[in-house]
Amino acid sequence: MGRGKFKGKPTGRRHFSTPEEMLAGSSTRPRTFKKEQAEAEEDETSDVQSEEESEDESEKAKGPQAVIQIENPNQVKPKNLKARDVDIEKTTELSRREREEIERQRAHERYMRLQEQGKTEQARKDLERLALIRQQRAEAAKKREEEKAAKEQKKMEGRK
């Protein structure tokens, strides 16, 4: 027989406290809730007293590390830096990819500067090609002018 909109769970049925049980304080709470509440109360009372002790406890090794000192190069201890301890003037080191990218950009800029000055092999070839094209165009323009002058001359002779 169903009660309400919730399906029954295989782990057990839902239990709701009645208002009378809540007032009497006899309602059953989960055990984990009681533990959490007890821990929260302990933390409030011992916060002031255990500030110095907590620093010492965090440095102590737990388990087999207390007996055997292990040198694990992969184990990185967290570095907790405070804002006042941070060195602002310290430059951060670039990664390999960042360094290579900056180097590539500088090399490209240097090449482009040399290209503009005409000192690179490709620039020399381009300038030679450009000079050859200019020369051909100048010759073609002269030829056209001569042909145009010859046509005009023929027209003038034909009219006479």
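Visitor: Is Glu-121 buried, partly exposed or exposed?

Guide: Keep in mind that this is a predicted model. Anything over 50% relative accessible area counts as exposed. Glu-121 comes out at 52%, so the label for this residue is exposed.

Visitor: Which residue forms a salt bridge with Glu-121?

Guide: Glu-121 lies in helix H5, which covers residues 121-159. Its partner is in H5 too, three residues apart from Glu-121, or about one turn of the helix. The closest N and O atoms of the pair are 3.7 Å apart, and a salt bridge needs them within 4 Å. The partner is Arg-124.

Visitor: How many salt bridges does the whole structure have?

Guide: Side chains of opposite charge can pair when their charged atoms come close. Helix H4 offers examples, including Glu-101 with Arg-104, where the closest N and O atoms are 2.7 Å apart. A search of the whole structure brings the count to four.

Visitor: Arg-96 and Glu-100 meet in a salt bridge; how far apart are they along helix H4?

Guide: Their side chains meet at 3.3 Å, N to O. Neither end is buried: Arg-96 is partly exposed at 48% relative accessibility, and Glu-100 is partly exposed at 34%. Because they sit four residues apart in H4, the separation is about one helical turn.

Visitor: What span does H4 reach from its first C-alpha to its last?

Guide: H4 runs over residues 96-117, which gives it 22 residues. At 1.5 Å a residue, the expected figure is 32 Å. The model is close to that, with a reach of 32 Å.

Visitor: Which side chain does the side chain of Gln-115 join in a polar contact?

Guide: Gln-115 is found in helix H4. Leaving aside neighbours within four places in sequence, its contacts include Gln-122, Ala-123 and Asp-126. The polar contact spans 2.9 Å, and the partner side chain belongs to Thr-120.

Visitor: Which residue just after H4 takes a positive phi?

Guide: H4 covers residues 96-117, so look just past its end for a phi of about 80°. The residue there is Gly-118.

Visitor: How much accessible area does the nonpolar surface patch have?

Guide: One of its members, Val-67, is found in the loop between helix H3 (51-59) and H4. Val-67 is exposed, with a relative accessible area of 73%. Ile-68 and Ile-70 complete the patch, and together the three have about 330 Å².

Technical notes. Residues numbered from 1 in each chain as written. Predicted model: local features only at pLDDT ≥ 70, side-chain atom pairs only at ≥ 80, totals over all residues. Heavy atoms only, no water. Helix = DSSP H or I, 4+ residues; strand = E, 2+ residues; numbered from the N terminus. Polar contact = N/O pair within 3.5 Å; in protein donor to acceptor, adjacent residues only side chain to side chain. Contact = heavy atoms within 4.5 Å. Patch = residues over 30% accessible without salt bridge, like charges linked within 9 Å, V, L, I, M, F, W, Y side chains within 5 Å. Areas by Shrake-Rupley, 256 points an atom, 1.4 Å probe, with all protein chains shown as cover. Buried < 20%, exposed > 50% of the residue type's maximum accessible area, 1.4 Å probe, protein only. Expected span 1.5 Å × (residues − 1).
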